Amino acid sequence: MKKPVIIMLLAMSLVACSVVDAPAPYGVTPSASQVEWQKMEYNMFMHFGPNTFTGAEWGSGQEKAELFNPTEMDCRQWASIAKAAGMKGIIITAKHHDGFCLWPNPVSRHTVAQSPWRDGKGDVLKDLSEACREYGLEFGVYISPWDRNDPHYGTDEYNDVFVKTLESALGNYGHVFEQWFDGACGEGPNGKVQVYDWPLYHSTVYKLQPDAIIFSDDGPGCRWVGNEKGQAGRTCWSTMKINEDKKDYSRKMLNEGTPYGNAWVAAESDVSIRPGWFWRESENSQVKSLQHLLKIYYESVGRNSLFLLNVPPDTRGLIHEVDSLRLMELRAALDEIFSEDLAEGAVVEADNVRGGARRFRAQNMLDKDYDKYWAVDDSLTTVSFTVTLPEQRTFNRIQIQEYIPLGQRVAAFTIEALKEDGSWEQIARETTIGYKRIVQVPETTTSALRVNILESFACPVLNGFALFMDNVYVSDEAGATPETPGLIKAASEPVIADIGEEMTLKGFAYTPKENGEGGVIVTCRLEVSVDGNTWSLVKDDIMFDNIVNNPITQKVVFEAPVQARYLRVTPIRVETGSGAVGVPSSTYGVADISLLL
Ligand code: FUL
């Protein structure tokens with residue numbers, strides 16, 4: 001009689017010990033370095049170069065190297081501010097479109113070595129990479145393939161020059177976590193446009209920095225988010241389709257990604273703390289407000305994207321006091337909001353736990369160990385979990401995380417709060433989650449929450465759930481109103497401005513409609529008139545740099561003042577929201593034409 005008992009016990013213990021397999025990865029998944037990159041969340045971007053000294057957004061490449069002469073250059077100041085701000089890395093414009101190199105690039109004659117700064121012996125990449133190491137930050141470089149200075153640009157030879165440029169920037173300054181390739185491709189000094197050899201550029205980067213994340217519109221490491229406002233889509237997939245015959249790299253697709261993608265190319269949201277990418281004295285009063293920066297934080301980090309905040313050094317070679325103060329305010333606000341997890345002490349229970357295994361229990365979502373997650377049986381793509389709080393708690397932010405090493409899966413979910421009468425009230429309905437999703441809900445006081453996954457491409461795998469109370473960010477009001485001292489508003493429709501009386505004008509400024517409605521004027525002709533009948537040409541082919549991606553006010557200063565009562569702006573090239581070049585018409589989106597007196 002003893003035998004069956006022993007066999008039964010043996011069988012039971014076998015069941016208890018049997019290992020429940022982890023879910024198989026779904027679709028394309030991130031590499032280990034892409035996961036580490038995503039965990040960085042918040043980095044500093046720095047635009048610095050001749051434009052800092054000229055006020056241009058896109059230098060022509062004809063600027064003299066003598067211009068570059070920061071008086072108090074200190075990369076340790078940059079790194080200490082980035083660190084104190086809570087950022088994890090810094091990406092510097094080693095070479096912007098004007099071709100000027102912030103390091104002594106041996107294949108260029110337009111570098112710091114030709115500048116008076118430190119008698120031509122300075123090297124920004126050396127200083128910054130060392131400062132980053134000292135402060136425990138990652139170091140990254142922006143290197144523009146578009147080069148308006150290099151005489152080889154537009155010929156096959158340029159690709160070799162560019163490879164040597166990459167080798168020199170990536171091979172001499174230690175670890176580089178991100179290589180930023182700007183998508184812009186315009187004309188070089190000889191009027192020619194370059195055919196970029198992307199496979200060659202990529203293999204060069206990987207040869208020198210095997211785990212670098214390569215940024216471009218379509219990665220392969222991470223992708224542009226489709227705007228320069230720091231705004232990822234409310235739906236945001238880290239996957240997209242690349243290298244396909246029929247490419248869709250529209251702004252909408254870049255913003256939202258695409259499920260069923262063939263590559264993991266998570267979104268990076270780049271935005272400047274100021275209206276422009278480069279420092280300008282006149283923009284010291286236009287540094288984005290704390291409210292605006294918090295909005296961006298929620299719309300980037302809170303939407304499965306990285307927040308890359310541009311903080312351009314000034315002509316001293318220092319981060320300006322106004323910017324650093326704002327960064328510290330942001331840091332203090334983020335600390336205040338996110339330091340107390342109001343879900344702490346809660347009990348999390350789910351409708352299903354994978355194979356009934358403790359290893360995959362729902363409570364894992366409260367465990368701060370990144371690799372502990374809740375998983376369900378393979379057959380389930382619709383499933384709920386309940387978070388029971390120790391007592392009634394008040395919050396307005398709900399943070400949920402998917403365990404991305406196994407892919408991004410969830411496509412729709414709702415969140416409900418338990419009401420006093422025992423019924424559930426829906427407080428949010430959203431789509432994707434990804435690495436991190438911070439859902440903004442109205443202030444809610446409850447003792448329990450229920451999250452319902454309504455749609456998922458495979459069984460959901462979640463590793464984080466937290467609740468926060470944000471008393472700082474109260475509205476989505478967008479930043480400081482730009483000041484335009486000395487500007488007089490004139491009629492904006494049609495684009496003939498009647499000032500009302502004859503005046504001496506030193507220039508004019510153009511502001512497109514922020515939403516791009518009606519298209520954006522990229523190039524135009526300006527004529528003036530005293531009587532409205534006879535027009536004289538002031539400037540032909542005026543170009544508004546980078547205005548499509550960053551539709552801010554741009555000033556055009558005339559070579560000599562002109563006498564005029566009327567201004568006529570004739571668009572030559574207008575770009576519509578889709579990126580297509582539109583036909584100039586009176587309907588293009590002029591928000592304002594102002595005068596510089
Ligand atoms: C754009 C560039 O053209 C801008 O000047 C800036 O560098 C921005 C980050 O990327 O494509």
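## A tour from the ligand outward

Select the ligand and Asp 182 to start: a ligand oxygen sits 2.9 Å from an N or O atom of the Asp 182 side chain. Now put a surface on the ligand. On its own it would expose 290 Å², and the protein buries 95% of that. Keep in mind that you're looking at a predicted model.

**Stop two: more polar pairs.** Add His 96 to the selection. Its side chain has an N or O atom 2.9 Å from a ligand oxygen. Then add Tyr 142, where an N or O atom of the side chain is 3.1 Å from an oxygen of the ligand.

**Stop three: the shell.** Which residues surround the ligand? Select Phe 45, His 47, Trp 58, His 96, His 97, Tyr 142, Trp 180, Asp 182, Glu 228, Asp 270, Trp 277 and Asn 546, and you have the shell on screen. Colour it by residue class and you'll get five nonpolar, four polar and three charged residues.

**Stop four: Thr 444.** Leave the ligand for now and select residues 437-456, which form strand 16; Thr 444 is in this strand. Is Thr 444 buried or exposed? Its relative accessible area is 9%, and buried means under 20%, so Thr 444 counts as buried. Show the side chain of Thr 444 along with the backbone of Pro 442: a polar atom of that side chain lies 2.6 Å from the backbone oxygen of Pro 442. For the contacts of Thr 444 beyond four places in sequence, pick Arg 393, Thr 394, Phe 395, Ala 417 and Ile 427.

**Stop five: the whole chain.** Zoom out and switch to cartoon, and you can page through 10 helices and 24 strands. The chain has 597 residues, and 56% of them are buried. Draw the contacts with a separation of 6 or more, and 76% of them join residues 24 or more positions apart. With the surface on, the chain's accessible area comes to about 25,100 Å², with 51% of it belonging to carbon and sulfur atoms.

**Last stop: confidence.** Colour by pLDDT. The chain average is 90, and 90% of the residues score at least 70. Next, select residues 475-493, where pLDDT stays under 50; the model has 33 contacts beyond four places in sequence for this stretch. Do likewise for residues 578-587: pLDDT is under 50 there too, and the model gives 13 contacts beyond four places in sequence. Where pLDDT is low, don't read the predicted coordinates in detail.

Notes: Residues numbered from 1 in each chain as written. Predicted model: local features only at pLDDT ≥ 70, side-chain atom pairs only at ≥ 80, totals over all residues. Heavy atoms only, no water. Near = heavy atom within 4 Å. Polar contact = N/O pair within 3.5 Å; in protein donor to acceptor, adjacent residues only side chain to side chain. Areas by Shrake-Rupley, 256 points an atom, 1.4 Å probe, with all protein chains shown as cover. Nonpolar A, V, L, I, M, F, W, Y, C, P; charged D, E, K, R; others polar. Helix = DSSP H or I, 4+ residues; strand = E, 2+ residues; numbered from the N terminus. Buried < 20%, exposed > 50% of the residue type's maximum accessible area, 1.4 Å probe, protein only. Contact = heavy atoms within 4.5 Å. pLDDT = per-residue confidence, 0-100.
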